[in-house]
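Work through the exercises below with the sequence and the model open. Try each task before reading its solution.

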Amino acid sequence: MLSDVEIAQAAQVEKITAAASKLGLTEDDLEFYGKYKAKISADVWKRIEKNPDGKLILVTAITPTPAGEGKTTTSIGLADAFQKLGRKICVALREPSLGPCFGIKGGAAGGGYAQVVPMEDINLHFTGDFHALTTAHNLLAAVLDNHIHHGNELKIDVRRVVWKRVLDLNDRALRNIIVGLGGKANGVPRESGFDITVASEMMAILCLAKNFSDLKERFGKIIVAYNFDNQPVTANDLNVTGSLALLLKDAIKPNLVQTLEGTPALIHGGPFANIAHGCNSVTATKYALKLADVVVTEAGFGADLGAEKFLDIKCRLNNLQPDAVVIVATVRALKMHGGVAKNNLSEENVTALKIGLENLEKHIENIQGFGLPPVVALNFFPTDTEEEIQTVKNLCAEKNVKFALSKVFSDGGEGGIELAKAVESVFDTQKNFTLTYADDISVKEKISAVAKKIYGADGVNYLPAAEKQIAEIENLGFGKFPICVAKTQYSLSDDANKLGRPKNFSVTVREVKISAGAGFIVVLLGNILTMPGLPKRPAAEKIDITDDGIISGLF
């Protein structure tokens, strides 16, 4: 089979106006970035805002493993399947970060014959949204340091500057740095560091803002530091909110592309689900719901991360509710959760598979705990045996959960029709959408609720610094905000080595931060990092481009 990039390059796709027309959009509604990419004009919203909402499908997954699960691929293939069934469909996804593209995970444009195109553009600079975000974030950092250098009128305590700089690459050497070295002319020396762009509060704001005025208001609330009286200093205090908003004037508009089969796709925003809230923009989701009868969206990593945040943050703040939730699993990943080494995953091992199924079982329980109907999509691999597939199917039958075998990687939309019909069958089932915690309980109670209900932890431990931070957050009046937990994606616990369904464990809260503009509290568990590092052999070593512009190694 051809590689992902070869399949994308060989595809005969129509101009983006063809995909736009399927959503009732005309050429005048688009702002073009070449033949195959466009942004949707802000004026479109005035025309569609009173349209009825379509059905919303959330795609999530089991706890990820190096074996791969295929959540984005499944999302794209499912949308293509709905198009084959004659539905007016749109898929709404996140933009890929360059960190994983050149690191170990690869891009996020799907795979095989279930991809969004132009794959190379989407995985690289796309329409420049990440560049705009990075620039805006670093402008705020520069203005902050400039203010301190020129007299520090706001009496900022340089030991309590909390606004770092960002870069959309994995670079462990930048996690902790000293800025302002080189004498008086070069600023005030202080400790700082870099996060990856997708972890920026500005990324969260872009993805949660309802419109441009909301984005601007949220930018002004960003806390960059604390003064000597321990009071917050914001972007508004630095008089820079207008400039920050200006840099995002185009980035806030959703990006329209298409799948290999011509299904319209809105790709906008890109927070990671392990260190941020892991969902595409509210703007793109709401446009899709007004333009299509069925909308497929996905949330990053497993249901304990992206799906929990989609439901407890994005839905809470925007009056959204999915009509169905797809949980993607593979036999290979489940066997790895059952203790099989990566090199042995192609061998049949029903015993290990049954052990690994405990992980899927927990994710099913979590979605049902939200009062929503889960559908299990088993992403097919050629090495899967009939007995292994039947074993997963049997668990779903025991749990009274719909099951479908997905072959979208090899067969595109045709391979997702069974899944589409299974999803459609639960649209009208009774739902009792319930959030994990209420707004008015304490921060610690919210953390405990997520840890115990979603992860299956017995309890929560707090480092002394985290205790102080929680007290300060509540004293400043931010205690009613939802929480955004940052933890390893590789385990339901905060220990990446605990696979399957861990039992008899507690989680440790290392740090708690307020994202006042985004409107949530960030809770860091274990040793999670907000600036990833590169592996020993990064994907960057295998990527190349010829003199004719043919790209290889990108996936």
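A pocket is found on a 1 Å grid over the protein atoms alone: it is an open set of points with protein on both sides within 12 Å along at least five of seven lines, and lining residues have an atom within 4 Å of a point. Grid points are joined across faces, edges and corners, and a volume is the space filled by probe spheres set on the points.

The model is predicted: local features need pLDDT of at least 70, side-chain atom pairs count only at pLDDT 80 or more, and totals for chains, interfaces and linings use all residues. Residues are numbered from 1 along each chain as its sequence is written, and side-chain values use heavy atoms, with hydrogens and water left out.

**Exercise 1. Describe the second largest pocket and its lining.**

Solution.
- Step 1. Start with the volume: the second largest pocket has about 1200 Å³.
- Step 2. Find the centre. The lining has 42 residues, and Val161, Val162, Lys164, Glu511 and Lys513 are the closest to the centre.
- Step 3. Assign secondary structure. Helices (H or I, at least four residues) and strands (E, at least two) are DSSP runs, numbered from the N terminus. Strand 22 (residues 506-515) gives the most to this lining, six residues.
- Step 4. Sort by class. Ala, Val, Leu, Ile, Met, Phe, Trp, Tyr, Cys and Pro count as nonpolar, Asp, Glu, Lys and Arg as charged, and the others, Gly among them, as polar. The lining of the second largest pocket then splits into 23 nonpolar, seven polar and 12 charged residues.

**Exercise 2. Classify two aromatic pairs and locate their rings.**

Solution.
- Step 1. Set the criteria. Rings of Phe, Tyr and Trp (its six-membered ring) pair if their centres lie within 6.5 Å; planes under 30 degrees apart count as stacked, over 60 as edge-to-face and the rest as tilted. The whole structure yields three aromatic pairs.
- Step 2. Take tryptophan 45 and tyrosine 287. Their ring centres are 5.3 Å apart and the planes make 40°, so this pair is tilted. Tryptophan 45 belongs to helix 3 (residues 44-48) and tyrosine 287 to helix 11 (residues 282-291), so the contact ties together parts 242 residues apart in sequence.
- Step 3. Check accessibility. Buried means under 20% relative accessible area, exposed over 50%, partly exposed in between (1.4 Å probe, protein chains only). Tryptophan 45 is partly exposed at 25%. Tyrosine 287 is buried at 6%.
- Step 4. Take phenylalanine 82 and phenylalanine 427. The centres are 6.5 Å apart and the planes at 10°, so the pair is stacked. The pair links phenylalanine 82 in helix 4 (residues 71-84) with phenylalanine 427 in the loop between helix 17 (417-424) and helix 18 (443-455), 345 residues apart. Phenylalanine 82 is buried at 0%, and phenylalanine 427 is buried at 7%.

**Exercise 3. Examine three salt bridges and a network.**

Solution.
- Step 1. Define the contact: a side-chain nitrogen of Lys or Arg within 4 Å of a carboxyl oxygen of Asp or Glu. The structure has 27 salt bridges.
- Step 2. Glutamate 472 bridges to arginine 160 at 2.9 Å, N to O. Glutamate 472 sits in helix 19 (residues 464-475) and arginine 160 in strand 7 (residues 156-161), so the bridge ties together parts 312 residues apart in sequence. Glutamate 472 is partly exposed at 21%; arginine 160 is partly exposed at 23%.
- Step 3. Aspartate 312 and arginine 316 meet at 3.6 Å, N to O. They are four residues apart in helix 12 (residues 303-318), so about one helical turn separates them. Aspartate 312 is buried at 0%, and arginine 316 is buried at 17%.
- Step 4. Aspartate 250 and lysine 249 form a salt bridge, with the closest N and O atoms 3.0 Å apart. Salt bridges link Glu31, Lys249, Asp250 and Lys253 in a network.

**Exercise 4. Inspect the backbone at proline 118, asparagine 319 and asparagine 504.**

Solution.
- Step 1. Valine 117 and proline 118 are joined by a cis peptide bond, with omega about 5°. Proline 118 is in the loop between strand 6 (114-117) and helix 6 (119-123).
- Step 2. Asparagine 319 has a positive phi near 55°. Its loop runs between helix 12 and strand 17 (324-329). Asparagine 319 is exposed at 75%.
- Step 3. Asparagine 504 has a positive phi of about 55°, though not a glycine. Asparagine 504 is exposed at 71%.

Conventions:
On a 1 Å grid over the protein atoms alone, a cavity is a set of points where a 1.4 Å probe fits but cannot get out, and a pocket is an open set with protein on both sides within 12 Å along at least five of seven lines; lining residues have an atom within 4 Å of a point.
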